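Open the model in your viewer and keep the sequence panel beside it. The stops below say what to select next and what is there.

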Amino acid sequence: MTWAAGPTPLKLARAIRLCGFMGMLLAGAAQAQTDVSEYALKAAFIYNFAKFIDWPKPSDGLLHLCVAAEETFEGEFDKLSQKVTGGLRLQVDHPKAPEMGAQCQIVFIADSEADSLPRWVQLSREKGALTVSDAPGFLDRGVMIEMQMEDERVSFDVNMTAARAARLDISSRLLRLAKRVY
């Protein structure tokens, strides 16, 4: 039997998976709170971004998230330590300089690091690390994912040129959720 109108089972299945993914993005941040901090949301997004990257399996079983910032962000990123994604346990580090982040596989670069951004981007590209920021304009300067707050929600743009230069394979499922892909 053929349906003349309406979604195909394949389209319906994709829509259901997409809704499930969106729920996962928010579930880790929202939990039982009604007033979730901005950085709790952003940390939850970074945790979920990690699920949609093809990571080489490190010998120590750790996925290093480095937070390049002068700010503490209320410890929200540190709460990700020991969580597991893709069979890898997250380890949150706070390197004081780009050269100290050799083990980083994900680097969150805050606005406070604007002066050292070119070095963070270069070293991350050479190492094959994902770079994420919430600083306006950092995407144009080589960061791979830039998050924005809009109406108390996080949206993000992706710089595929930068990701390809770092030899990172970002899942098309994540790219479909991006506001813009460059």
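**A pair to start from**

Select Leu 63 and then Leu 90 in strand 3, which is its bridge partner. The model is predicted, so local features need pLDDT of at least 70 and side-chain atom pairs count only at pLDDT 80 or more, while totals for chains, interfaces and linings use all residues. Residues are numbered from 1 along each chain as its sequence is written, and side-chain values use heavy atoms, with hydrogens and water left out.

**The whole chain**

Colour by secondary structure. The chain has 5 helices and 8 strands; helices (H or I, at least four residues) and strands (E, at least two) are DSSP runs, numbered from the N terminus. Read from the N terminus, the order of elements is α-α-β-β-β-β-α-β-β-β-α-α-β.

Of the 182 residues, 46% are buried, where buried means under 20% relative accessible area with a 1.4 Å probe, counting protein chains only. Switch on the surface: the chain exposes about 10100 Å², and carbon and sulfur atoms supply 54% of that area. Accessible areas come from the Shrake-Rupley method with a 1.4 Å probe. Among contacts (heavy atoms within 4.5 Å) with a separation of 6 or more, 57% join residues 24 or more positions apart.

**Strand 1**

Next, select residues 62-68. This is strand 1, and 7 of its 7 residues are buried, so the rest of the structure largely encloses it. Show the side chains to see the two faces. Leu 62, His 64, Cys 66 and Ala 68 lie on one side, Leu 63, Leu 65 and Val 67 lie on the other, and all of them are buried.

**Its neighbours**

Which strands pair with strand 1? Add residues 88-93, which are strand 3: this strand pairs with strand 1 in the parallel sense over 5 bridges. Two strands count as paired if DSSP finds at least two bridges between them. Then add residues 106-109, strand 4, which also runs parallel to strand 1, with 4 bridges. In strand 4, Val 107 stands opposite Cys 66.

**The disulfide**

Stay on Cys 66 and add Cys 104. Their sulfur atoms are 2.0 Å apart and form a disulfide, a term that requires a pair of cysteine sulfur atoms within 2.5 Å. By this rule the count is 1 disulfide. Cys 66 is in strand 1 and Cys 104 is in the loop between strand 3 and strand 4, so the pair ties together parts 38 residues apart in sequence. The link of Cys 66 and Cys 104 is left-handed, with -95° about the S-S bond.

Are these two cysteines buried or exposed? Cys 66 is buried at a relative accessible area of 0%, and Cys 104, at 1%, counts as buried too.

Key:
Buried < 20%, exposed > 50% of the residue type's maximum accessible area, 1.4 Å probe, protein only.
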